[in-house]
There are 2 protein chains.
Amino acid sequence: MTRGTGRGGHAAAPRSVDVARLAGVSQKTVSRVFNDEPYVSTEVRRRVLEAAEELGYRRNDAARALASGRSRSIGVVTLGTALYGPVSLLMGVERAVRDTGYALRVVNTVEGDPAGIAGAVDSLLDQGVDGIVVSEPIDESGGEGRGEGEIALRADVPVLVLGAPSPVTAPTVLTAGGGAGLMARTATEHLLDLGHMTVHHLAGPQRWYAARDRLEGWRATLTAHDREVPPVVEGDWSAASGHRAGRALAEDPGVTAVFAANDDMAIGLIRALLEAGRRVPEDVSVVGFDDTPVAAFVTPPLTTVPQPFDAVAREGLKRLVHAIEHPGAAPLPSSDPPVGLVVRASTAPPRAPGPGSALTGRRRPRGRSGPAGGASVPSTTAS
Amino acid sequence: MTRGTGRGGHAAAPRSVDVARLAGVSQKTVSRVFNDEPYVSTEVRRRVLEAAEELGYRRNDAARALASGRSRSIGVVTLGTALYGPVSLLMGVERAVRDTGYALRVVNTVEGDPAGIAGAVDSLLDQGVDGIVVSEPIDESGGEGRGEGEIALRADVPVLVLGAPSPVTAPTVLTAGGGAGLMARTATEHLLDLGHMTVHHLAGPQRWYAARDRLEGWRATLTAHDREVPPVVEGDWSAASGHRAGRALAEDPGVTAVFAANDDMAIGLIRALLEAGRRVPEDVSVVGFDDTPVAAFVTPPLTTVPQPFDAVAREGLKRLVHAIEHPGAAPLPSSDPPVGLVVRASTAPPRAPGPGSALTGRRRPRGRSGPAGGASVPSTTAS
DNA sequence: TTGAAAGCGCTAACAT
DNA sequence: ATGTTAGCGCTTTCAA
């Protein structure tokens, strides 16, 4: 490639020195202008900007990164699924990253890939990102128990783990959005408050830390209320898996309330219950998790726990960027967003209330469950 | 920064010359090894790899990009929504990009942003991407008509437009996944085949080219069959908007069949019909679009047109990478994936069939609608 | 407030 | 099959 041949192969892309020449200043001054550095007279700045505009100058990020040692980009590791939760979080991350002025590089992990997260992080590190976001980590080790699948990263940049308490080990690790346990408690207590003797749990795949969190939150709540802890049914987040689980659950007349770890599974579950002749919520109450856009419009409209994806992403990124830009400093404090519950028509008191629940009417539990929460959508059970 | 200070600020990151020294070869040889260039003896290659491993060498992408003029990365412009369609396409793109060995940079456009796609493309160009993918373009010009919102990009790299015929102008533009019109035809003809006199359309927002396509496909089909073309109801892709539209549609007894431009709107629509006392499919048949994971499990299970996101992404990327790597060559030919239809329980013949439809039983139309397609899921309408 | 010089770590072209 | 020599276009000192 002869000097002056640009990307396209025809016209040479203008460089900062070309701009400098045209503006009658030094190349360094052009650099100053484009980096908003101080000590540039407004007159010079104007001339430089004008010259740049005329030439169609566009600063070369690779050169910038090479010279400065920083790429001004953040890498994110997500699952390659279209699942509502992970995707919403990813979109929140994109927005948050863009707001900070960094660029975004994305690598998906394939579920079941042994290299998994570590491999994805590695490819991001190769790209020279300044920070890394791991969204919704999964334990690929095959172990079921907590802590077995520690993910050790040899990352020399700060890492933010989103959506679950961190199983990740690296020099600098931050966490945000680990409030699923509390949310699961809210869901479970809602059903208990309605008078159900106990609550069944349709869990997410236990390789997901987020799924473990919800399960633990549910179990802890039952235990705290001295209730029997029924066996867990595990799905894979899909409505299809919820449907399968529902077929089994429908045969057990003892099941009067189910907390599903996400809305999709709740929808499949409800479908299976209806097919088996069990009415929702008259015979069985169902609570979901996520508050997907369709949750309000399925039949019956789903009571569910909304997830604050955007708030989590924004807060996490603020802290990540802080860690990137102030390597020595103490990490910014984390704050958990409030937990809500949207009560719709898929939950009701049990048919044959157990002892002590006679007092319990259709109470509205804590959270954003007032008129505004549930009333925005009709909660009649159709036909 | 004194020489030798790496990203972290403590230990110097090893460079290829360090590896060379340790392996007892020239720096260029290290470069050869890492680029899989020919003319490296296996013995030398082994030594280099060993030295690199020992030092924890990681090649510097910025330097590579600067020296070679190529970043080996592809930028994608998407909407910042969690909508099933755009997201599935994005995931397909990520997979396809990764398979080609390129890195992925993502920029979202905010709906309603005047800078819109052009602005997003610009920021990608700043980052020095080798190619650009525009997924699901939107016309931000405010015009409703076709062609009004031409998006002129001053991109010096190839651009791939995904999901709709290209409204984008740039030196090199490729298109993939523009088969929505044909899919809309399939959906519409399914309803006509069942004996419905005409088919209403619940359209997507007409600023989306994909939504316009589906509408045109529907309209063309009705016209081709000499049927009345009812007024279009426009939603915003959400179940909530489908619900609103459904309330209006439910009042018109002439409505016996509706083709919704996506599944979410179809779900909201069905909910509204049920609330209004109109049964689905007995009184009104509904066809969706997408085949989201929940479509099979809502009540009634939704008849819908699946979208081949992965195939579209893969094919589009193959052609984009070809255009990147063979600037002069003729573009690879495009091939449209087959159109399918999944028949479930939300469609049926009309109650009071019009003339000529007496012959028309519950026929199964073209596409993957055989036993395998519909039978994987129970299609009974529950309680 | 501005400029000159010296790299950043790699690939490209040309030896050998 | 391997080494040498020049840059790539910026940021970073340091000087003026």
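Over all chains of this predicted model, the count of salt bridges comes to 40, a salt bridge being a side-chain nitrogen of Lys or Arg within 4 Å of a carboxyl oxygen of Asp or Glu. Side chains of opposite charge can pair when their charged atoms come close. The model is predicted, and local features need pLDDT of at least 70, side-chain atom pairs count only at pLDDT 80 or more, and totals for chains, interfaces and linings use all residues. Residues are numbered from 1 along each chain as its sequence is written, chains are lettered from A and ligands numbered from 1 in the order in which they are written, and side-chain values use heavy atoms, with hydrogens and water left out.

The table lists some of the salt bridges.

| Pair | N to O distance |
|---|---|
| Glu37(A) and Arg32(A) | 4.0 Å |
| Asp283(A) and Arg279(A) | 3.2 Å |
| Asp18(B) and Arg15(B) | 3.3 Å |
| Arg58(B) and Asp122(A) | 2.9 Å |

Salt bridges that share partners also join Glu43(A), Arg46(A), Arg47(A) and Glu50(A) into one network.

For accessibility, buried means under 20% relative accessible area, exposed over 50%, and partly exposed in between (1.4 Å probe, protein chains only). Glu37(A) is partly exposed at 26%, and its partner Arg32(A) is partly exposed at 28%. In the pair of Asp283(A) and Arg279(A), the acid is buried, with a relative accessibility of 16%, while Arg279(A) is partly exposed at 35%. Asp18(B) counts as buried at 18%, and Arg15(B) counts as partly exposed at 47%.

**Interface of chain B and chain A**

The contact (heavy atoms within 4.5 Å) takes 60 residues from chain B and 61 residues from chain A. The size of an interface is often given as the accessible area lost when the parts come together. Here the buried area, which is the accessible area (1.4 Å probe) lost by two parts on being put together, summed over both, is about 5,000 Å², and carbon and sulfur atoms give 58% of that area.

The rule finds 4 salt bridges across this interface, one of them between Arg58(B) and Asp122(A). There are also 12 residue pairs in polar contact, both residues at pLDDT 80 or more. A polar contact is a pair of N or O atoms within 3.5 Å; within protein, one must be able to donate a hydrogen and the other to accept it, and residues adjacent in sequence count only if both atoms are side-chain atoms.

On the side of chain B that touches chain A, the elements giving two or more residues are α4 (61-68), α5 (84-100), β2 (103-109), α6 (116-126), α9 (239-250) and α10 (263-275) of chain B. Helices (H or I, at least four residues) and strands (E, at least two) are DSSP runs, numbered from the N terminus. The most is given by α5(B), with 8 residues. By class, this side of chain B has 30 nonpolar, 16 polar and 14 charged residues. Ala, Val, Leu, Ile, Met, Phe, Trp, Tyr, Cys and Pro count as nonpolar, Asp, Glu, Lys and Arg as charged, and the others, Gly among them, as polar.

Chain B superposes on chain A by a rotation of 180° with 0.1 Å of shift along the axis (RMSD 0.1 Å), the fit being by least squares on the C-alpha atoms of residues with pLDDT of at least 70 in both. The two copies are thus related as by a two-fold rotation axis. Of the interface residues of chain B, 98% are also interface residues in chain A, so the copies meet through the same surface.

**Helix α6 of chain A**

Within α6(A) (residues 116-126), the buried residues include Gly116(A), Ile117(A), Ala120(A), Val121(A), Leu124(A) and Leu125(A). The buried residues of this helix pack against β1 (73-79), β2 (103-109), β3 (131-135) and β4 (151-152) of chain A. Just after α6(A), Gly128(A) has a positive phi of about 75°.
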